[in-house]
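Colleague: Before I rely on the terms used for this model, I should like to hear the reasoning behind them. May we take them in turn?

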Protein chains: 2
Amino acid sequence: MIDVARAAGVSPATVSRVLNGSNSVSAEMRDRVLTAIKKLDFRPNQMAQGLRKGQANAVALLVGDIEQTHFSALTKQLQAALEVIGLNLILFNLGHSDNRLLDFLQRAPAMRLRGVVVALSDAIPKKAGPMLSALAEAGLQIVSVGQNLNRFDVPSVVHEERAATARSVRFLIEQGRRRIAYVGRIKGSAVGTERFRGYRAALLEAGLPFDEALVWDNAFRYAAGYDAVSRALEGGLEFDALQAGSDEMAMGAIAALTDRGVVVPRDVAVVGFGDVEMGRYLRPSLTTLSNNPAAAALTVREFFEPVNGRRPRRNLVLLERALVRRASA
Amino acid sequence: MIDVARAAGVSPATVSRVLNGSNSVSAEMRDRVLTAIKKLDFRPNQMAQGLRKGQANAVALLVGDIEQTHFSALTKQLQAALEVIGLNLILFNLGHSDNRLLDFLQRAPAMRLRGVVVALSDAIPKKAGPMLSALAEAGLQIVSVGQNLNRFDVPSVVHEERAATARSVRFLIEQGRRRIAYVGRIKGSAVGTERFRGYRAALLEAGLPFDEALVWDNAFRYAAGYDAVSRALEGGLEFDALQAGSDEMAMGAIAALTDRGVVVPRDVAVVGFGDVEMGRYLRPSLTTLSNNPAAAALTVREFFEPVNGRRPRRNLVLLERALVRRASA
DNA sequence: CTGAAAGCGCTTACAG
DNA sequence: CTGAAAGCGCTTACAG
């Protein structure tokens, strides 16, 4: 920076001012500095800036499991959205582990981050609440995606869960399905629980009995869907439809049904959750509830943009889901 | 840090020394400092350390497209491996764009990174070569995963491509297949080209004709496989096997075959590439070539670990792939 | 083995 | 509008 200052015949302070877009710089000075910067191909040291400003130009993304399509799609959109406003994305794959979350929260202050994006489907452990608040207190911008964390004072952008599942189950009922099973009421999963509630509500609302035997708990991935359905069929359970808590579970479930000669959708209609790309290429193609990671990412970005004009931000942004009807239901 | 020094009754220099594991600290001092650190829950400011040391404790990961399962699986393993040695992972999703790569390379010096991991399937543009070298010159550790970049002096950990595809095509020939198509000789894709070469080599080696009409070019994803096969069938092309350049293409291809009443594997045998989890749950399940992201990540990590004892590192690490035989071929 | 001092490369009150 | 100076929180030669 000193070199630039010398080349432009100004002080380092002035260089810094044009770098930071201070408006108290004369046009002439600004031009001279800009020219020098270009000529020397100068780029300010981000660590020095960060140290001085007390904050890195980086945001941490805490993600349940980047290998799940839903999370990788969101990560892609978030990275792109934040890069636009000059923020780097530091990725922490939590692998659905509470301990790793707590660990991160402990180490976070030392990183002097600009903020953290929490993209977790799992319920947040009690202990994390105060730590989140402390971080926010310290000037970090915290935003949750996919799960409402308002009770910890964390602004959240979430998709419909309960209402979406209810809509889908209602659709199944309209198609004449009566014994509708649900895979994905996962212990400790905030979204799994929400979706399950929508399922149950739709059932009761339609005057159908709610049968615990038709609710299967497990993880969110393929194997979980496959195993749950396999066990159900072995156990002689009868059902004519299945609502899954994720597309991956749904696809695993369809494999299990197919392996036992159960035809989808003739014998059992299946609806997934999340509209993963593969669902379109499955045969029968997967009926599912849509997801809008791009909109979520853009909304998250707003929280990191400089606020001009005191425009208050909503603490909770709700994104809609549509029932994407395809061949499996 | 000054607080810690005061609490321990030592100088900040000593605190720094125990923090950095310098061995020229007496046991007693060390204990006092450690106690004070624990009591005050002190964590050194990473930005200050980075500024002083001239390097952040972060590595950038350049990835083709995090939404492709292959990349997300690798990313997950890399993040975990690097975290073990205290390195943060800054994610840059390139979306297969040359411009974004060049852009990053330009901005990289200002970030003072510890290193960068290049995980790209696309051929590297000429201009990137010198920039990569310049970064390495500046003390960054650069490692390529998935593509051999030794010609730019970048150590690389790669999986078999050509040999693996050849193995798979040989297998198809042994099964009696004679008209074997290939989807995935993608212009600009380094790995796509390599895989294609293995395909052609196996054909010629077996004395089978190589037919350009049976080689389809496109992107790596589902739609590419679907569209290529749809067009081939519409064009009346005949083939009894298909080697795909990725699992996603293979699954898209299978959808297209199914839609036109072509039965897999009876009429057309299909082999994918990469052993994505979904392949196991497709019906028929997908025969494919394996992939070892965990081994790749661990190998990458070795390049970032402090070198003790001058143990020279290989510039090229080759990981094997196995033919994972399932129902589709 | 330990401490005082300089400095990493910036930014921002403070004067003018 | 501009510059000189202090300081962000560390680490590491340099003396002792």
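Modeller: Let us begin with the largest pocket of this predicted model, which holds about 650 Å³ of space. Its lining has 25 residues, and those closest to its centre are Gln46(B), Gln49(B), Asn57(B), Ile85(B) and Gly86(B).

Colleague: Which elements give two or more residues to the lining of the largest pocket?

Modeller: They are helix H6 (98-111) of chain A and helix H4 (46-53) of chain B. H4(B) supplies the largest share of this lining, four residues. By class, the lining comprises 10 nonpolar, nine polar and six charged residues.

Colleague: What makes a space a pocket rather than a cavity?

Modeller: A pocket is an open set of points, whereas in a cavity a 1.4 Å probe fits but cannot get out. The second largest pocket, with a volume of about 530 Å³, belongs to the open kind. Of its 31 lining residues, Thr69(B), His70(B), Phe71(B), Gly274(B) and Asn291(B) are the closest to its centre. Helices H5 (69-84), H9 (190-205), H11 (247-259) and H12 (293-304) of chain B each give two or more residues to that lining, and the largest share, five residues, comes from H5(B).

Colleague: From which domains does the lining of the second largest pocket draw at least three residues each?

Modeller: Domain 2 (53-159 + 293-319) and domain 3 (162-289) of chain B each provide at least three. The classes in this lining are 12 nonpolar, 10 polar and nine charged residues.

Colleague: Turning to the closed spaces, how many cavities of 30 Å³ or more does the structure hold?

Modeller: There are six cavities of that volume or more. The largest contains about 350 Å³ of space. Its lining has 28 residues, with His70(A), Phe71(A), Arg195(A), Asn291(A) and Arg321(A) nearest the centre. Two or more lining residues come from each of helix H5 (69-84), strand S5 (156-159), helix H9 (190-205), helix H11 (247-259) and helix H12 (293-304) of chain A. H5(A) gives the largest share, four residues.

Colleague: Why is the largest cavity said to lie between two domains?

Modeller: Both domain 2 (55-159 + 293-319) and domain 3 (162-289) of chain A give residues to its lining, so the cavity lies between them. That lining has 13 nonpolar, 10 polar and five charged residues.

Colleague: And which residues lie nearest the centre of the second largest cavity?

Modeller: They are Met47(A), Ala56(A), Ile90(A), Met47(B) and Ala56(B), among 18 lining residues. Helix H4 (46-53) and strand S2 (88-93) of chain A, together with H4 and strand S2 (88-93) of chain B, each give two or more residues. This cavity has a volume of about 270 Å³, and its lining has 12 nonpolar, six polar and no charged residues.

Colleague: Why is Val10(B) called buried?

Modeller: The relative accessible area of Val10(B) is 15%. The cut-off for buried is under 20%, and Val10(B) is therefore buried. Its place is in the loop between helix H1 (2-8) and helix H2 (12-19) of chain B.

Colleague: With which residues is Val10(B) in contact, leaving aside its neighbours within four places in sequence?

Modeller: The partners of Val10(B) are Ala5(B), Val15(B), Met29(B), Arg32(B) and Val33(B), where contact requires heavy atoms within 4.5 Å. Arg32(B) is 22 residues from Val10(B) along the chain, and their C-alpha atoms are separated by 8.6 Å.

Colleague: How do you know that the span of helix H8 (residues 162-174) of chain B is close to the expected one?

Modeller: H8(B) has 13 residues and reaches 18 Å from its first C-alpha to its last, and 18 Å is also the span expected at 1.5 Å a residue. The expected value takes 1.5 Å times one less than the number of residues, so the span of H8(B) is close to expectation.

Colleague: Against which elements do the buried residues of H8(B) pack?

Modeller: They pack against strand S6 (180-183), H9, strand S8 (241-244), strand S9 (269-271), strand S10 (288-289) and strand S12 (323-324) of chain B. The buried residues of H8(B) include Ala164(B), Val169(B), Phe171(B) and Leu172(B). After H8(B) comes Gly176(B), with a positive phi near 95°.

Technical notes: Residues numbered from 1 in each chain as written. Chains lettered and ligands numbered in written order. Predicted model: local features only at pLDDT ≥ 70, side-chain atom pairs only at ≥ 80, totals over all residues. Heavy atoms only, no water. Buried < 20%, exposed > 50% of the residue type's maximum accessible area, 1.4 Å probe, protein only. 1 Å grid on protein atoms, 1.4 Å probe; cavity = no way out; pocket = protein on both sides within 12 Å on 5 of 7 lines; lining within 4 Å. Points joined across faces, edges and corners; volume = space filled by probe spheres on them. Nonpolar A, V, L, I, M, F, W, Y, C, P; charged D, E, K, R; others polar. Domains from an automatic or database assignment.
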